[in-house]
Amino acid sequence: MNRIEQMYEALSGDSSITDLLADGKEGIRADLTSYSGRYPVLCYQVISDVPHLFGDDLELARRVTVQISVLTRNGSDSEIVLRVQKIMNSLGWTRESTNRIMDGRIRAAILRFIVAEVEYE
């Protein structure tokens, strides 16, 4: 199982997160481009996946950055954000940044996490 699948399984399997989302487990989405449902919703996407370390002309490690956005109508996202941070930390991800923005009536808490993966064989 790759890191993104592992992340999804951990987030969707945590009832303390899914109970807070309007559509439960279905409220965890890989993309929001076609979403017009209910809030709160959690969206994740890979922001970058770049080589991090080379040796003998081989990629030995890579750095992956993932963005998790929690979108709400009323701004009550703190419980979801805290739980997401705990889960991501337990999976070995490090929080790089947190931003909150408003887009009309929707408030987005945007969290970015990074992890380095070693590719030794």
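Here are five short exercises on this structure, each with a worked solution.

The model is predicted, so local features need pLDDT of at least 70 and side-chain atom pairs count only at pLDDT 80 or more, while totals for chains, interfaces and linings use all residues. Residues are numbered from 1 along each chain as its sequence is written, and side-chain values use heavy atoms, with hydrogens and water left out.

**Exercise 1. Work out how strand S5 pairs with S3 and S4.**

Step 1: Get the terms straight. Strands (E, at least two residues) and helices (H or I, at least four) are DSSP runs, numbered from the N terminus. Two strands pair if DSSP finds at least two bridges between them.

Step 2: Take S3 (residues 58–72) and S5 (residues 106–118). They run antiparallel and are joined by 12 bridges. Look up Arg62, and you'll find Glu117 in S5 as its bridge partner.

Step 3: Turn to S4 (residues 94–103). This strand also pairs with S5 in the antiparallel sense, over 9 bridges. Here Arg100 stands opposite Ala109 in S5.

Step 4: Check the turn. S4 and S5 make a hairpin with 2 residues between them, and Gly104 in that turn has a positive phi of about 70°.

**Exercise 2. Trace the salt bridges of Asp14, Asp49 and Asp77, and say how accessible the partners are.**

Step 1: Set the cut-offs. A salt bridge is a side-chain nitrogen of Lys or Arg within 4 Å of a carboxyl oxygen of Asp or Glu. Buried means under 20% relative accessible area, exposed over 50%, and partly exposed in between (1.4 Å probe, protein chains only). The structure holds 7 salt bridges.

Step 2: Start with Asp14. Its salt bridge is with Arg83, and the closest N and O atoms are 2.6 Å apart. This pair links distant parts of the chain, 69 residues apart: Asp14 sits in the loop between helix H1 (3–12) and helix H2 (15–18), and Arg83 in helix H3 (residues 78–90). Asp14 is buried at 10% relative accessible area, whereas Arg83 is partly exposed at 28%.

Step 3: Move to Asp49, whose side chain meets that of Arg62 in a salt bridge (2.4 Å, N to O). Asp49 lies in strand S2 (residues 41–55) and Arg62 in strand S3, so the pair ties together parts 13 residues apart in sequence. With a relative accessible area of 42%, Asp49 is partly exposed. Arg3, Asp49, Arg62 and Glu117 are linked in a salt-bridge network.

Step 4: Finish with Asp77 and Arg100, which meet in a salt bridge at 3.1 Å, N to O. The pair links distant parts of the chain, 23 residues apart, with Asp77 in the loop between S3 and H3 and Arg100 in strand S4. Asp77 is buried at 1%, but Arg100 is partly exposed at 40%.

**Exercise 3. Compare the span of H3 with the expected one, and list its buried residues.**

Step 1: The expected span of a helix is 1.5 Å times one less than its number of residues.

Step 2: H3 has 13 residues and reaches 18 Å from first C-alpha to last, close to the 18 Å expected.

Step 3: Buried in H3 are Ile80, Val81, Val84, Gln85, Ile87 and Met88. After the helix comes Gly92, with a positive phi near 95°.

**Exercise 4. Find the nonpolar cores and place Leu11.**

Step 1: A nonpolar core is a set of buried Ala, Val, Leu, Ile, Met, Phe, Trp, Tyr and Cys residues joined through side-chain atoms within 4.5 Å.

Step 2: The largest core has 22 residues, and Leu11, Leu42, Ile68 and Val84 have the most contacts inside it. H1, S2, S3, H3 and S5 each give it two or more residues. H3 supplies the largest share, 5 residues.

Step 3: Contact means heavy atoms within 4.5 Å. Leaving aside neighbours within four places in sequence, Leu11 is in contact with Ile17, Thr18, Ile28, Leu42, Ile68, Val84 and Ile87.

**Exercise 5. Describe the surroundings of Thr72.**

Step 1: Thr72 is found in strand S3 and is buried, at 1% relative accessible area.

Step 2: A polar atom of the Thr72 side chain lies 3.0 Å from the backbone nitrogen of Gly75.

Step 3: Beyond four places in sequence, the contacts of Thr72 are Tyr39, Pro40, Asp77, Arg105, Ile106 and Arg107.

Note on methods:
A polar contact is a pair of N or O atoms within 3.5 Å; within protein, one must be able to donate a hydrogen and the other to accept it, and residues adjacent in sequence count only if both atoms are side-chain atoms.
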